[in-house]
Amino acid sequence: MIPGEYSAKEVVFSIGSDNYKWTLPANLNYESGKKYTYNITLQLGGLVAVTGNAIITDWISVTGGTHTIGKDGGTVTPPVPTGTEQTIYEENFGDIPVADRSKRYKVEEYTGFSNKAVKYSNLFTSGWVDIRRTGTMDAHVWFTLNKTTGLKIEGINTTGYKDLKLTYKLAANASGKPIENLKVRINGVELQPKGVLGGQNEFSVQTISSGIPAAAITIEFDAQSATNDKGYRVDDIKLVGTK
């Protein structure tokens, strides 16, 4: 019975065509987690005799295990585990003090990377990116305007992962600049998103969620002088996958 107030409620026992009626005691309140036991005697004439008061005991919990039952006794196919999303690689370019906002750090010489397990280098020898900050933006990569520059990240191992997703924050030093003017390649294949950025130096998150191989991968950010007329900034690169 559902726990609750059952004062003076009527219980009917039916045997064949004979009914035996019993009125529950007054002020009766059944509490959850308890078992109420009555000794009942059915007498001729449809009367019910109760021997003694109710015996109230707590339930004893017995664990019956976990069982999967198919419809109409059919076979149940266990669900395929979906795995857990994990961070494979993450880089926020460390912490440069505001007092050092005028300094420019070459990639090969910079020691403040938050992830030091991979290799960082310039994509081109004729032009280079640098790590810097401004008075309002923390450390990030700057792709100099009117120059062909690029960042190369090598040695990210994604073996054993699936559903890989790369995100990064992108901003331009002018409003309304095309996202695809800063090309992104993974193992040599261009995968960058397309669209238009917002206001000047406003970071927005870009996402690449298909085409990333489960292997040792190299990520390249490439800005060409012909299309990078204002400068781009990249921060908070992150790669996640399911394992």
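1. A good place to start is threonine 149, which lies in strand S12. Strands here are DSSP runs of E with at least two residues, while helices are runs of H or I with at least four residues, and both are numbered from the N terminus. Threonine 149 counts as buried because its relative accessibility is 0%; buried means under 20% relative accessible area, exposed means over 50%, and partly exposed lies in between, with a 1.4 Å probe and protein chains only. Leaving aside residues up to four places away in sequence, threonine 149 touches Phe124, Gly127, Trp128, Val129, Phe143, Thr144, Phe221, Asp222 and Ala223, where contact means heavy atoms within 4.5 Å.

2. Before going on, a word on what you are looking at. This is a predicted model, in which local features need pLDDT of at least 70 and side-chain atom pairs count only at pLDDT 80 or more, while totals for chains, interfaces and linings use all residues. Residues are numbered from 1 along each chain as its sequence is written, and side-chain values use heavy atoms, with hydrogens and water left out.

3. Now for the interior. The largest nonpolar core has 39 residues, and Phe143, Ile153 and Phe221 touch the most other members. Such a core is a set of buried Ala, Val, Leu, Ile, Met, Phe, Trp, Tyr and Cys residues joined through side-chain atoms within 4.5 Å. At least two residues of this core come from each of strand S7 (85-91), strand S11 (140-143), strand S12 (149-157), S13, strand S14 (182-186), strand S17 (216-223) and S18. S13 gives the most, with five residues. In soluble globular proteins, nonpolar side chains tend to be buried together.

4. Phenylalanine 221 deserves a closer look. Not counting residues up to four places away in sequence, phenylalanine 221 touches Leu123, Phe143, Thr149, Gly150, Leu151, Ile153, Tyr168, Leu182, Lys183, Val184, Val234 and Ile237. Apart from the largest core lies another core, of eight residues, including Tyr20, Leu24, Leu28 and Val48.

5. Next, the sheet that holds S12. Five strands form an open sheet in the order S9-S12-S17-S14-S15, with antiparallel pairing; two strands pair if DSSP finds at least two bridges between them. Strand S9 (119-122) and strand S15 (189-190) stand at the edges with a single partner strand each, so one side of each has no neighbour in the sheet. Between S12 and S17 there are eight bridges in the antiparallel sense. One of the residues to look for is asparagine 157, whose bridge partner in S17 is alanine 216.

6. Which residues pair up through charge? A search of the whole structure finds seven salt bridges, each being a side-chain nitrogen of Lys or Arg within 4 Å of a carboxyl oxygen of Asp or Glu. Among them is the one between aspartate 236 and lysine 169, with the closest N and O atoms 3.1 Å apart. This pair links distant parts of the chain, 67 residues apart: aspartate 236 is in strand S18 (residues 232-242) and lysine 169 in strand S13 (residues 162-172). Aspartate 236 is partly exposed at 25% relative accessibility, and lysine 169 is partly exposed at 31%. Elsewhere, Arg185, Glu220 and Asp222 are joined into one network by salt bridges that share partners.

7. Two further salt bridges are worth finding. Lysine 34 and glutamate 31 meet through their side chains at 3.3 Å, N to O; lysine 34 is partly exposed at 30% relative accessible area, and glutamate 31 is partly exposed at 41%. Aspartate 100 and lysine 103 form another, with the closest N and O atoms 3.6 Å apart, and lysine 103 is partly exposed, with a relative accessible area of 41%.

8. Two asparagines have a backbone feature to check. Asparagine 187, in the loop between S14 and S15, has a positive phi near 50 degrees and is partly exposed at 36% relative accessibility. Asparagine 201 lies in the loop between S15 and strand S16 (204-208); its phi is positive too, near 60 degrees, and asparagine 201 is partly exposed at 22% relative accessible area. Most residues other than glycine have a negative phi.
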